Amino acid sequence: QVQLVESGGGLVQPGGSLRLSCAASVRNGRIYTMGWYRQAPGNEREMVATISPGAITNYADSVKGRFTISRDNAKNTVYLQMNSLSPKDTAVYYCNANSKSIFGGAIFTNWGQGTQVTVST
């Protein structure tokens with residue numbers, strides 16, 4: 001079982017910055033790739049950034065150069081530093097983590113509850 005707890009969302013002015021955090025608590029399992037996704041009203045959920053246990057990163061084109069994903073494997077925590085925010089970044093941001101039981105079986109995809117990021121004057 002994996003629980004993901006996000007924090008760090010809020011209201012910020014255009015051009016501002018926010019840092020999201022997501023801590024994973026896992027029982028009898030191991031965390032693999034972690035990431036951030038977002039969903040704006042009326043839109044489908046989209047990938048923002050992902051990071052492997054070895055720190056290989058992948059970003060959506062829309063956030064390259066502005067967002068930075070990082071992780072602390074010892075704490076099973078992933079971060080998303082968001083700079084130069086624009087109103088187009090307004091969405092609910094969801095933490096994602098792939099996990100697998102130490103007893104074997106399939107890889108599961110786990111989701112956090114989401115945190116609202118609003119970029120507005």
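## A guided tour, from the core outwards

Start in the middle: the largest nonpolar core has 29 residues, and W36, L80, M82 and Y93 are those with the most contacts inside it. A nonpolar core here is a set of buried Ala, Val, Leu, Ile, Met, Phe, Trp, Tyr and Cys residues joined through side-chain atoms within 4.5 Å. Buried means under 20% relative accessible area, exposed over 50%, and partly exposed in between (1.4 Å probe, protein chains only). At least two residues of this core come from each of strand 1 (2-7), strand 3, strand 4, strand 5 (46-51), strand 7, strand 8, strand 9 and strand 11 (115-119). Strands (E, at least two residues) are DSSP runs, numbered from the N terminus.

Two notes before you click on. This is a predicted model, in which local features need pLDDT of at least 70 and side-chain atom pairs count only at pLDDT 80 or more, while totals for chains, interfaces and linings use all residues. Residues are numbered from 1 along each chain as its sequence is written, and side-chain values use heavy atoms, with hydrogens and water left out.

**Stop 1: the disulfide.** Select C22 and C95. A disulfide joins them, with an S to S distance of 2.1 Å; the cut-off is a pair of cysteine sulfur atoms within 2.5 Å. C22 belongs to strand 3 (residues 18-26) and C95 to strand 9 (residues 91-101), so the pair links distant parts of the chain, 73 residues apart. Both C22 and C95 are buried. Look along the S-S bond: its torsion is about -85°, so this disulfide is left-handed.

**Stop 2: an open sheet.** Now show strands 1, 3, 8 and 7. These four strands form an open sheet in the order 1-3-8-7, with antiparallel pairing; two strands pair if DSSP finds at least two bridges between them. Which strands stand at the edges? Strand 1 and strand 7 do, each with a single partner strand, so one side of each is left without a neighbour in the sheet. Neighbouring strands of this sheet are turned by 15° against each other on average, direction ignored (axes are lines fitted to C-alpha atoms, for helices over the stretch in contact, and angles run from 0 to 180 degrees between N-to-C directions). Strand 1 and strand 3 are joined by six bridges, and S7 has S21 in strand 3 as its bridge partner.

**Stop 3: the hairpin.** Stay with strand 7 (residues 67-72). Its covered face holds F67, I69 and R71, and its uncovered face holds T68, S70 and D72. Six bridges join strand 7 to strand 8 (residues 77-82), and R71 stands opposite V78. The two strands form a hairpin with four residues between them. Pick N76 in the turn, which has a positive phi of about 50°.

**Stop 4: rings and charges.** Select Y37 and W111. They form an edge-to-face aromatic pair, 5.0 Å centre to centre with 75° between the planes. Rings of Phe, Tyr and Trp (its six-membered ring) pair if their centres lie within 6.5 Å; planes under 30 degrees apart count as stacked, over 60 as edge-to-face and the rest as tilted. W111 is partly exposed, with a relative accessible area of 37%.

Next, find R19: its charged end sits over the ring of Y79, 4.2 Å from the ring centre. The charged end of R45 sits over the ring of Y94, 3.7 Å from its centre. The rule asks for NZ of Lys or CZ of Arg within 6 Å of the ring centre and within 35 degrees of the ring normal.

**Last stop: G10.** Find G10 in strand 2 (residues 10-12). G10 and Q116 are 106 residues apart in sequence and 6.1 Å apart in space, C-alpha to C-alpha.
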